[in-house]
Amino acid sequence: MIVGFELHYLRILAWTCLLEGMVVFAVLRIGPWKNGTPWWRLLAASILPTCATLPHLWFVVFPLAGGGPYVAMVAEPCIALAESAIIEVVLRIGWRKSLVVSCLANLFSWAVGALWLSP
């Protein structure tokens, strides 16, 4: 049975994939680096990085560090770096572009989350 904490994690996972996917599609499908990448690769580059890194943040980093928005701010650069490697493997757009896409996606999802949780 899924309890509150796990259900909340699944909601956050879905929202993060959606938000970061919007950035990946915007930058690489209609934005400045439009290059005709197939939609299924963009979808994979939207879902795989988050599915690989969010469990570590949610179930390892937050519990060990006590949670809070500042923990995410410290962990976010590491996450962006790891996700950029996955984006590069999936899309093969170059390390620099992968890092920029990853940073933009993470910044967007973090900002939306921070605004959503703010009083």
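Helices here are DSSP runs of H or I at least four residues long, numbered from the N terminus, and the model to which those labels apply is a predicted one.

**First stop: E76**

With that numbering in mind, select E76, which lies in helix α3. The side chain of E76 is buried and yet takes part in no salt bridge, and the nearest side chain of opposite charge, that of R11, is 19 Å away. If neighbours within four places in sequence are left aside, the residues in contact with E76 are N106 and W110, and it is worth displaying both of them before moving on.

**Second stop: E88, also in α3**

Stay in α3, which spans residues 69-91, and select E88. E88, too, is buried without a salt bridge, but here the nearest side chain of opposite charge is R92, 5.4 Å away; a salt bridge requires a side-chain nitrogen of Lys or Arg within 4 Å of a carboxyl oxygen of Asp or Glu, so the distance to R92 does not qualify.

Which polar partners does the side chain of E88 have? A polar atom of that side chain lies 2.7 Å from the backbone nitrogen of G94, and a polar contact of 3.2 Å joins the side chain of E88 to that of S98. Showing the contacts of E88 beyond four places in sequence brings up I93 and W95 together with G94 and S98.

**Third stop: R92 and the loop**

Move next to R92, which sits in the loop between α3 and α4. Because its relative accessibility is 65%, R92 counts as exposed, whereas E88 is buried. The backbone of R92 also deserves a look, since its phi is near 55 degrees, a positive value in a residue that is not glycine. Most residues other than glycine have a negative phi.

**Fourth stop: the nonpolar patch**

Now switch to a surface display and select W15, L18, M22, F108, W116 and L117, which make a nonpolar surface patch of about 700 Å². Helices α1 (4-30) and α4 (95-117) each supply at least two residues of this patch. Within the patch, pick out L117, which has its place in helix α4 and counts as exposed because its relative accessibility is 72%.

**Fifth stop: Y9 and its surroundings**

From L117, go to Y9 in helix α1; the two residues are 108 apart in sequence and 15 Å apart in space, C-alpha to C-alpha. Is Y9 buried or exposed? With a relative accessibility of 10%, Y9 falls under the 20% limit and therefore counts as buried. Not counting residues up to four places away in sequence, Y9 touches L54, P55, W58 and F59.

**Sixth stop: P55 and E6**

Among those partners, select P55, which is found in helix α2 (residues 39-65) and is partly exposed, with a relative accessible area of 23%. Once its neighbours within four places in sequence are set aside, P55 is in contact with T50 and V60 as well as with Y9. A C-alpha to C-alpha line from P55 to L13 covers 8.8 Å, although 42 residues separate the pair in sequence.

The tour ends at E6, which is found in helix α1 and counts as partly exposed, at 34% relative accessibility. Another distance can be drawn here, from E6 to F59, which are 53 residues apart in sequence and 9.9 Å apart in space, again from C-alpha to C-alpha; F59 has already appeared among the residues that Y9 touches.

Note on methods
Residues are numbered from 1 along each chain as its sequence is written. This is a predicted model: local features need pLDDT of at least 70, side-chain atom pairs count only at pLDDT 80 or more; totals for chains, interfaces and linings use all residues. Side-chain values use heavy atoms; hydrogens and water are left out. Buried means under 20% relative accessible area, exposed over 50%, partly exposed in between (1.4 Å probe, protein chains only). Lys and Arg count as positive and Asp and Glu as negative; His and the chain ends are not counted. A polar contact is a pair of N or O atoms within 3.5 Å; within protein, one must be able to donate a hydrogen and the other to accept it, and residues adjacent in sequence count only if both atoms are side-chain atoms. Contact means heavy atoms within 4.5 Å. Patches are made of residues with over 30% relative accessible area and no salt bridge: like charges are joined within 9 Å, nonpolar side chains (Val, Leu, Ile, Met, Phe, Trp, Tyr) within 5 Å. Accessible areas come from the Shrake-Rupley method with a 1.4 Å probe; for residues, only the protein chains shown count as cover.
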